[in-house]
Structure formats: C-alpha cells, structure tokens
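Biologist: Could you help me learn to read the model in front of us? I would like to take it feature by feature.

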Amino acid sequence: MFSHERIIIRRGPESELPIIVAVHSTALGTALGGCRLKAYPQWQDGLADALRLSAAMTDKCALAGLPNGGGKTVIALPTGATPDPGLRVAALHDAGSVIEELGGHYATGPDVGTGPDDMVTIGHRTNHVFCRPAGAGGSGDSSPGTAAGTVAALRAVCRARFGSADPAGRSFAVVGLGRVGGRVARLLAESGAKLVVADVDPAKRSLADELGATWATPEEAQTAAVDVLVPAALGGLLTPTSVAALRCAAVAGPANNQLDTPATADLLHDRGILWAPDYVVSAGGVISATAVELHHESPQQVTARLDAIADTLTEVFASAQRDGITPSAAATAEARRRLVSRGQAG
C-alpha cells in the first residue's frame, strides 16, 4: 500500500522516456524534490527511487523546519544510455509538463544528472521549478548550501562522538568529490582536519594534492581507519557487508539514500558507529534554494537555517540515547511529530 499522495508515471510524448513524478506529502505545504536523470536496468527501478527519495524528502523538509513536503522526479534512461542534447531537452520538457499538471502542489530542482541550466529547460513548461541560474532569476547552484549544512552536521557529529565540535585534528574520509563533496573536503581542510579523499574520476586527484589530503580509491576510503566517513556520492553505500568492514567511529555525509535498507541502521548502531541520517545532513541545499526563491528570506535567515542543522542533529542524538534507539529511528519519530503538530497547527 502506497503512502504517497500522488504518483504519475507517463511515457513522455516528446522523449518517449518514462517520466515519474512522486508526491509523498503536501501536509506542510508544496512538495519539493529534485529531478533525477539517470539510467536504470528497468524503469521500475526508477519508480522505486522516486518513491523512496520523495518519502525521505518529506522527513528532510520537516526536520529542516521548512513549510514543505517531499516529492521527486525521475527521468528513467535505459541502461548505458547517454541522451543527446535533443533528447535531453525533450525529456526535460516532458518532466515540466507533468509537473505543471500538478498545479503547484510540487516543485522540482536539480538532482543526479541535472543542474541549474536544466531547470531553465524545465521552466519552459512550468513555473514550479527552483535553482535556476542567478542570471535566469534563480538561486543558482545549491551545492554551497548543501556543503555548508554538511559541515554544520559534521560538527554536531564530532560533538556527540568525541566531545568537541571542532574538526581540527580529526580524520575524515570523503568519498565523492563532486560539487558538494569537493566543497566539504575543502571546508574541512580549512578547519584543520586530516583528510582521505576518493572519487571514481582520477582527475579529482588534483584536489587531494591541493588540500594535502591522502588520495584513495572509493573502496579504500570507505574502509579507512578514520574518525568519520563522509559519503558524498551516490547512495546505497551502507550494506551489511560494507558496515562489517568499516573502521570509523561515525558516518555522516550528504549522499542521499545511504542505507540499502532501514535495518542497516541497526547494524551500525550494534557496531557502535554513530550514523547521522542523510536526510538531515544533506538538507542545506533545499534550505538555501527555497529560502531564497520560494520564501524570500534574508541571507542571515538562510545562514541561521543552515547552522540549525547541527542543532537538529544534536536533538536527534540526544533522543536516541535517551530512548535507547538508533538515530535513524529518533529522526523518523521527530519528523512524524513535526508533521503532525505543524499540520494540525496549519
């Protein structure tokens, strides 16, 4: 039985690709979620991604204190396919048309496989889009906000696990050096942290050299003997097999959907590894983008919201310890409490 309010699955009339839009909740307001353009073995795998990620987005918005719910757009490419420019535009137009049908109940932004310029293309068919480039009237790249929020979260993790929020002298393994992971690594290095960094792209090794970090393969970084593992690439990193091989004290990063199944949070807890729920850690992007574009907040208000990610995590960790449950369970319970209390207040 689906918990979602609305799910649209359509073959795009221009692209002939599967277009999936999942709206999980509008209890707190317009649902938000990125547009993912990604290859899948079967289009149904894209549907599973949309359902899972949209539900996580509801919790992310609730815990971030945003007046929004969760949604997701997935454009499912065939395995191994790379869309040419014409097909890409057609697919984004199809996604925009579906979003427009929802009449403002859902708005989309960038995700895996899309960026600010793609939001301009989607915007040809709907106004319910955010993170367009600043020159096009949007807030631009959301990765600085995501990275800033991630570092705030890492400070909360260090405080909970080691007694001090200062990352100086602590060791971190950052897996994934894309727009967010690279910024996180740079901010940690500036704070005096010791770094192991990894990416599937060997060209990213130049950043390791610049930061004085140890370069490793993603597999090596994942099992490095460090204080904190920082997943900053695609999800699914934490499985029963990978958790058994971890040599860190905590895991906290901006990658979405890190757990292969919810039960893996229990395995981390049993090993004494503190896991910060990814949908709390990664909230900075949606916080900064929507604060500017949808809620018209000041830079000071945006900074305060980003810093509050640390406060939210601290509350989650305290609740988990008090109630003898995992941080994952504590975060879920707090999100549900906020949804109920704020929904009733509204």
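Modeller: Happy to. Helices (H or I, at least four residues) and strands (E, at least two) are DSSP runs, numbered from the N terminus. This is a predicted model, in which local features need pLDDT of at least 70, side-chain atom pairs count only at pLDDT 80 or more, and totals for chains, interfaces and linings use all residues. Residues are numbered from 1 along each chain as its sequence is written, and side-chain values use heavy atoms, with hydrogens and water left out.

Biologist: Where does Asn 257 lie?

Modeller: Asn 257 sits in the loop between strand E10 (250-251) and helix H9 (264-270).

Biologist: What is phi of Asn 257 near?

Modeller: Here is the general idea first. Most residues other than glycine have a negative phi. Asn 257 has a positive phi, near 60 degrees. Glu 16 also has a positive value, near 65 degrees, and its place is the loop between strand E1 (6-11) and strand E2 (18-23).

Biologist: Is Glu 16 buried or exposed?

Modeller: Buried means under 20% relative accessible area, exposed over 50%, and partly exposed in between (1.4 Å probe, protein chains only). Glu 16 has 56% relative accessibility, so it counts as exposed. In the protein chain, buried residues make up 54% of the 346 residues.

Biologist: Why is helix H11 described as largely enclosed?

Modeller: Helix H11 (residues 284-293) has 9 of its 10 residues buried, so the rest of the structure largely encloses it. Among those buried residues are Val 286, Ile 287 and Glu 293. They pack against strand E3 (31-40), helix H1 (43-63), helix H4 (143-162), helix H10 (278-281) and helix H12 (299-323); contact here means heavy atoms within 4.5 Å.

Biologist: Now the sheet. Which strands stand at the edges?

Modeller: Two strands pair if DSSP finds at least two bridges between them. The open sheet has 6 strands in the order E8-E7-E6-E9-E10-E11, with parallel pairing. Strand E8 (214-216) and strand E11 (274-275) are at the edges with a single partner strand each, so one side of each lacks a neighbour in the sheet. Within the sheet, strand E9 (residues 228-231) and E10 pair in the parallel sense over 2 bridges, and Leu 229 stands opposite Val 251 in E10.

Biologist: And how many helices and strands does the protein chain have?

Modeller: The protein chain has 13 helices and 11 strands. Its C-alpha trace spans about 55 × 50 × 40 Å along the principal axes.
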